[in-house]
Amino acid sequence: MAGALAAPFFHLLSGRAVGAGEGPRRLVIFGTGNGCAPSGWRFERNDPLEISPGSVLEPLRGLESHLLPITNLTIIGNQGHDSMATMLCGQSLQSVDQWVGNAIGEDTQFRTVELGVDTAWPTSEATRTRMVRRGNVLVAPNDIPKRAAERVFGHPGDLYLRSRRSSALDVAHSELEDLRSRLGAEEQARLDVHLDSVRDIERGLFGEVCEAPPLSFGGEFPDELATQLDIAAHALACESTRVVTVQASVSASSVRMGWLGHTENHHALSHQYDTTTFEECQQWYALQFRGLLDRLLALPDATTGRPLLDDTIVMWVSEMGDGRLHSATDGCWLLAGAGLRTGRRIDARSSGQNADVLYQVAQLLGAHDVPFGGAGQLEALS
Amino acid sequence: MIAILLTLMGCGQAPDCVGHDRQPRALRRLTPLEYERSVSDLLHIDATGLAPDVGDPVVGGFRNDAASMVVGPTLADQYLVTAEALVERASIRELLPCNPDTIGEEPCAAQFVLDFGRRALRHPLTRPDLGRYLRIFQITRETATFDEAVGWVVITMLQSPHFLYRSELGVHTGGGRFALTDWEMATALSYTLWGTTPSDALLDAAAHGALTRDEDVARTIDEMLQDPRAKGVIVDFVTSWLGLEQIHGVTREGLFYEDRPELLEATQGFLSSRAGGTLGELMAGGDLLTDPTVLTVHARTTGSSPVHRGLLVRERLLCEELPEPPPNIDLSLPDPRDVTTTRAMFATHATNPACAECHDQMDPIGVAFEHYDQLGRYRTEENGYPVDASGELDGVPVGGIEELAAALIEDRRFRSCFVQSLRRYATGMPSCGDEVPASTSLLEPLRELLGGADHRVRKGGRREGDTLAIDAVDI
């Protein structure tokens, strides 16, 4: 078993690890599509930050001291909806979560955990449905909360099942390695993702098992998103991972927020001339982001006893600015948590690119000099 | 800008399309549908709807792009738990080629590994393979029943890359050319013509060298095309080609969740009735284009859409790609209360030059569908105004769908696009298409693909040890 865990194909991409107490050491990224409704990001004051009542970020009022909104951000390589697949990569081959996971996740059960809700749209291009890229291959998030929970929290006590699975994966592992040696580079890269995935499951089978929090499964989109956010927060709390992405639906998403009384879907609303209803959608997502921060404030770090948020960078990202125009120079990303000078807004107009945000965030988390390809003009986040 | 656009569009074929004689070596991960059928056949169960499906990307219009079908963490995990669930449904005793009570447990387990292994992994097992899988049986048997231990052999085989990927790697024949082995040929024939794992008969043919000579392959193809499963492949293809699976995800006024499977089933029944015929017969009478699923998928939430329907014809049926709307264009529609008909609502596309550049390629075709609303219901009036369904296909006036279908079948772009798309679907790679007459059987391009010149040849870089060592164990 131990031998099967070794073979490090992606470790070549690793940076330096960061220990506890040296600044932020966890990353959570919440991703949504169809743009961010920039006209709805309204503020009473930029520094110290005060969010305007009725604006998209209204649900986060009161938490301003933890927040760092960035507006008028340029999303480089704008390709409309297809920027979903590049917004977290810049010009590099991997998304920022993967770079950071390689740098600080080696000693955890999962270098990164990818969660999603309603991301398996059979009709969409991959570049619209995936935001995580590992070794230049787009990776699907785990869309089924029950399965995600089983993977992250394990099957305590069921040693028989874990041993059987481990043996089965061992065979797959060695066959994959045999086969890999017969392939050209491009095909090898794809098998590497497979090998890496098998290794991930193997690690999950015998790592320290976290105690699963009480979780509810099933239900509609909001219920599933809530469960995935619970899983994300508790996985961080028990240190089974330090890097989690949660992707709520896809770009050009057809999620219809019936619970807000909407009859048209998210994508259709993003194209309406009157942005009121779309802003309601985004406000609902802001509320979910608030829920994520509340979880990270409520759960303590196992070592320090302080709230998780004290050592975590949290991001809410989307692939465009104004969804009506598919525009790329008025993006709005929300950062929160540790290691940042929060409590203010950055207006990145004409100077800041998403690649700069990625670079600085990765840098803060110990993944150094990643070639995200930004112009480096964005003011310091920290 | 217009000139650039026309260059982009005039090509009619993907610029880097791959002819069937130049296919690269590849490993192709099974699609969810192929997985579902394969495990159903292997385990003698009905696995409908049980295949892990993480939403593979649509590339070039199809959801089976060889280069982007990976096994990420989510899928790897699902393969494992799915295999466990499938084995619970299967009767292990029924799958055994022997009786453990008479010949002994371990000899029977070994026979099972070789027998089931050849079916699941699509090549004969080597001695190390046998050792690995028998070891799974042995260690499991220490704490579990015989059936459970055999069950874990099955679960293990269903994690194998030899099961999860279709191998088209071949053996090196010199000069960067590789030739598919007979086992790979059996696999290619079976998945391409029947959509599932090779039968015992086909594997026997591979074992006995009955797929080595071109004439044997050609005869096998002829036989396989007679099977109803070949028509099923055409049904699957057209379903993907026209994006009809989207019916499960679309929101349309008046479309209820529970109606969707029935709608698609009816469409597939219709396709099945035409799948054995010719390309001309498929398009006859405009029946395909007036199919309710086709019209419902290609519409807006609240009404018909000349844009989406024009795009269907332009991109899917003529294989001419249009660019995405450029950034910074206001895409919102006029307030529906201010317009009379759908046609009028989209009229601004023709009058505003910024829109017209691209929309001239879609809307004039799409308006020919205007007699059909967002659910494909026929109408002569909309909001009290008479419907005007007079359109145009690149200069050819079409007064409605029947005329549009007739114009398409006359159009060589459509006839080569059909071949190109079918090859794309069959190979999982960008493909070229040659023009064929309307009287061509729908299945003909598949025959050409698998049995034509150089059908076994794959190209690729040579690597050490690229020959699959067949040190097979006699069963």
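A salt bridge here is a side-chain nitrogen of Lys or Arg within 4 Å of a carboxyl oxygen of Asp or Glu. By this rule, 63 salt bridges are counted over all chains. The legends below describe close-up views of a predicted model.

**Figure 1. Chain B as a whole.** Chain B contains 24 helices and nine strands. Of its 475 residues, 58% count as buried. Contacts in chain B with a separation of 6 or more are considered next: residues 24 or more positions apart account for 70% of them. The chain exposes about 19000 Å². Carbon and sulfur atoms supply 52% of that exposed area.

**Figure 2. The interface of chain B and chain A.** The size of an interface is often given as the accessible area lost when the parts come together. Between chain B and chain A, the buried area is about 5100 Å². Carbon and sulfur atoms give 56% of this area. On the chain B side, 64 residues take part, in contact with 60 residues of chain A. The count of residue pairs in polar contact, both at pLDDT 80 or more, is 16. Several elements of chain B give two or more residues to the side that touches chain A: strand S1 (26-29), helix H3 (73-89), helix H7 (127-141), helix H8 (146-157) and helix H9 (161-164). The largest share, eight residues, comes from H3(B). By residue class, this side of chain B divides into 29 nonpolar, 20 polar and 15 charged.

**Figure 3. A:Arg147, with one partner in each chain.** Side chains of opposite charge can pair when their charged atoms come close. Three salt bridges are found across the interface of chain B and chain A. A:Arg147 forms a salt bridge with B:Asp77, with the closest N and O atoms 2.7 Å apart. A:Arg147 also forms a salt bridge with A:Glu150. There the closest N and O atoms are 2.3 Å apart. A:Arg147 and A:Glu150 both sit in helix H4 (residues 145-153) of chain A. They are three residues apart, so about one helical turn separates them. A:Arg147 counts as buried because its relative accessibility is 11%, under the 20% cut-off. A:Glu150 is partly exposed, with a relative accessible area of 23%.

**Figure 4. The salt-bridge network of chain A.** Which residues are linked in a network of salt bridges? The arginines are A:Arg25, A:Arg26, A:Arg242 and A:Arg306. The acidic members are A:Asp107, A:Glu239, A:Asp301, A:Asp310 and A:Asp311.

**Figure 5. Two salt bridges within chain B.** B:Asp373 forms a salt bridge with B:Arg377. The closest N and O atoms of this pair are 2.8 Å apart. B:Asp373 is buried, with a relative accessible area of 9%. B:Arg377 counts as partly exposed, at 48% relative accessibility. B:Asp394 forms a salt bridge with B:Arg413, and here the closest N and O atoms are 2.8 Å apart. This second pair links distant parts of the chain, 19 residues apart. B:Asp394 lies in the loop between strand S7 (391-393) and strand S8 (396-398) of chain B. B:Arg413 lies in helix H23 (residues 412-427) of chain B. At 38% relative accessibility, B:Asp394 is partly exposed.

**Figure 6. The surroundings of B:Ser38.** B:Ser38 belongs to helix H2 (residues 32-43) of chain B. Is B:Ser38 buried or exposed? With 0% relative accessibility, B:Ser38 counts as buried. A polar atom of its side chain lies 2.6 Å from the backbone oxygen of B:Glu34. The side chains of B:Ser38 and B:Tyr191 are joined by a polar contact of 2.7 Å. Leaving out residues up to four places away in sequence, B:Ser38 touches B:Leu30, B:Phe163, B:Tyr191, B:Thr196 and B:Thr197.

**Figure 7. The packing of B:Ile155.** B:Ile155 is placed in helix H8 of chain B. Its relative accessibility is 3%, so B:Ile155 counts as buried. In sequence, B:Ile155 and B:Ala83 are 72 residues apart. In space, their C-alpha atoms are 5.3 Å apart. Neighbours within four places in sequence aside, B:Ile155 is in contact with B:Leu80, B:Ala83, B:Glu84 and B:Val87.

Methods:
Residues are numbered from 1 along each chain as its sequence is written. Chains are lettered from A and ligands numbered from 1 in the order in which they are written. Side-chain values use heavy atoms; hydrogens and water are left out. Helices (H or I, at least four residues) and strands (E, at least two) are DSSP runs, numbered from the N terminus. Buried means under 20% relative accessible area, exposed over 50%, partly exposed in between (1.4 Å probe, protein chains only). A polar contact is a pair of N or O atoms within 3.5 Å; within protein, one must be able to donate a hydrogen and the other to accept it, and residues adjacent in sequence count only if both atoms are side-chain atoms. Contact means heavy atoms within 4.5 Å. Buried area is the accessible area (1.4 Å probe) that two parts lose on being put together, summed over both. Ala, Val, Leu, Ile, Met, Phe, Trp, Tyr, Cys and Pro count as nonpolar, Asp, Glu, Lys and Arg as charged, and the others, Gly among them, as polar. Accessible areas come from the Shrake-Rupley method with a 1.4 Å probe; for residues, only the protein chains shown count as cover.
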